[in-house]
Amino acid sequence: MSRIVTLDEFIIRSEKANVDATGELTGLLRDIGVAAKIVNREVNKAGLVNILGVDGASNASGDEVQKLDMYANDKLIECLQNSGECCGIASEENESFLPIKALSTKNAKYVVLFDPLDGSSNIDVNVSVGTIFSICRRKSNVKKSVDLKDFLHKGVEQVAAGYVIYGTSTIMVYTTGNGVNGFTLDPSIGEFCLSHRDIKIPARGQYYSVNQGYYLKFDLEMRRYIDYCSDLNLRLRYIGSMVSDIHRILFQGGIFLYPNTRKYPHGKLRLLYECNPLAFVVEQAGGKAINTKLERIMEMQPVELHQRTAIVIGSPDMVDEMKEFVERYSASPSQQF
Ligand code: AHG
Ligand code: MN
Ligand code: MN
């Protein structure tokens, strides 16, 4: 049996291997790991306690909020506020960013952006949900309080990003720009243990993942591409939790699409909380992520915190193929119907 490597041990070892590392990022990743364990505990007992159901409020993006969303949000904020390494937080569940007062000895230089619970409509029916996070370096002076521009980073500027999936097992997957590793929570010892080293996404796969119910609301080229996937007998899988759909694709190959629709002309998913961090992970694993204008997700310049974008992400050859469809069909307006 090979020796178990815990998340903490792995993070510390990686830090030691990097001569420029100061330990701050290490601390942050560990704190996110702790928050994930607390959220995991609550997600697992969600069916037992009266924590289910719609809270009644709407989040900053206008979506319905469920109680566990707020619980996860509060726990992440709590852990990061006490971390000493984080100077500001932006969450899908908060209208505005939260500045964090520097502890007396520290001039924290990282901001953390997150979707505390992704796929929350799945909670009531015991289907996987997740947490997505993105860590960036602040741009303003460390002596001052953070401002909006400290959060409006392009994806390429992320220092680390990842997600936690609360599924049949709880797994944390993250990257610091040097490959992607996955850690499975062993409930018997309460530790995330290295289970998936240097994850590589297959160049193509058998799965496509899209809300096919919106088919008629997609642009022509997108409908053509979805028809093509269906003609190839690819398997359609759509969980309604981006983390879960991407997790499958990361390991088994495939493509995830959330294009613009009439309801969401700029796409539904949030650039800073969902698309950028997952694009960083997928690209680091060898995949690709673009929007329906064929721009790389990680090069989009955000102009607001809750900005949405259309996204196509997954196996590199499949994303390239989709790109060809868009180029071909957008070049032939006579084929509109
Ligand atoms: P959240 O629960 O954080 O609001 O995110 C849900 C997102 C994403 O995870 C999922 O892929 C998508 O919304 C599902 O949207 P549709 O129901 O419109 O397909
Ligand atoms: Mn989400
Ligand atoms: Mn959410």
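In sequence, the residues that donate to the manganese ion (ligand 2) follow the spacing D-x2-D-x155-E. The model is a predicted one. The three donors are Asp115 (OD), Asp118 (OD) and Glu274 (OE), at 1.9 to 2.2 Å from the manganese ion (ligand 2). Asp115 belongs to strand E5 (residues 110-118) and Glu274 to helix H6 (residues 271-284), so this pair ties together parts of the chain that are 159 residues apart in sequence. Asp115 and Glu274 are both buried.

A second manganese ion (ligand 3) lies 3.7 Å from the manganese ion (ligand 2), and Asp115 coordinates both. The manganese ion (ligand 3) is held by Glu92 (OE), Asp115 (OD) and Leu117 (O), at 2.2 to 2.4 Å. Here the spacing of the donor residues in sequence is E-x22-D-x1-L. Like Asp115, Leu117 is buried.

Some of the metal-binding residues also appear around ligand 1. This ligand has 18 residues around it, and those that come nearest are Asp118, Tyr214, Tyr238, Met242 and Tyr258. Asp118 is also a donor to the manganese ion (ligand 2). The polar atoms give further detail. An oxygen atom of ligand 1 is 2.6 Å from an N or O atom in the side chain of Tyr238. For the side chain of Glu92, the distance from an oxygen atom of ligand 1 to an N or O atom is 3.1 Å. Glu92 is also a donor to the manganese ion (ligand 3). Ser120 takes part through its backbone, where a polar atom is 3.0 Å from an oxygen atom of ligand 1.

Leu117 leads from the metal site into the protein interior. The largest nonpolar core has 41 residues, and Leu117, Ile135 and Tyr174 touch the most other members. Helix H2 (residues 24-44) gives this core its largest share, 8 residues. Apart from this core lies another, of 32 residues, which includes Met242, Val243, Tyr258 and Met298. Met242 and Tyr258 are also among the residues that come nearest to ligand 1.

Which residues does Leu117 touch, not counting those up to four places away in sequence? They are Val39, Val43, Leu68, Asp69, Ala72, Ile123, Val129, Gly130 and Tyr166. Leu68, Asp69 and Ala72 are among the buried residues of helix H3, as are Tyr71, Asn73, Lys75, Leu76, Ile77, Cys79 and Leu80. The length of helix H3 (residues 67-81) can be checked: at 1.5 Å a residue, its 15 residues should span 21 Å, and its end C-alpha atoms are 21 Å apart, which agrees. An α-helix has 3.6 residues a turn, so residues three or four places apart point the same way.

The last stop is a loop. Asn260 is found between strand E13 (254-258) and strand E14 (269-270). Is Asn260 buried or exposed? Its relative accessible area is 15%, and because buried means under 20%, Asn260 counts as buried. The side chain of Asn260 makes a polar contact of 3.1 Å with that of Asp219. Another polar contact, of 2.9 Å, joins the side chains of Asn260 and Thr292. With its neighbours within four places in sequence left aside, Asn260 is in contact with Lys217, Phe218, Asp219, Pro265, His266, Gly267, Thr292 and Ala310.

Key. Residues numbered from 1 in each chain as written. Chains lettered and ligands numbered in written order. Predicted model: local features only at pLDDT ≥ 70, side-chain atom pairs only at ≥ 80, totals over all residues. Heavy atoms only, no water. Core = buried A, V, L, I, M, F, W, Y, C linked by side-chain atoms within 4.5 Å. Buried < 20%, exposed > 50% of the residue type's maximum accessible area, 1.4 Å probe, protein only. Helix = DSSP H or I, 4+ residues; strand = E, 2+ residues; numbered from the N terminus. Contact = heavy atoms within 4.5 Å. Donors = N, O, S within 2.8 Å, 3.2 Å for Na, K, Ca; no water. Expected span 1.5 Å × (residues − 1). Near = heavy atom within 4 Å. Polar contact = N/O pair within 3.5 Å; in protein donor to acceptor, adjacent residues only side chain to side chain.
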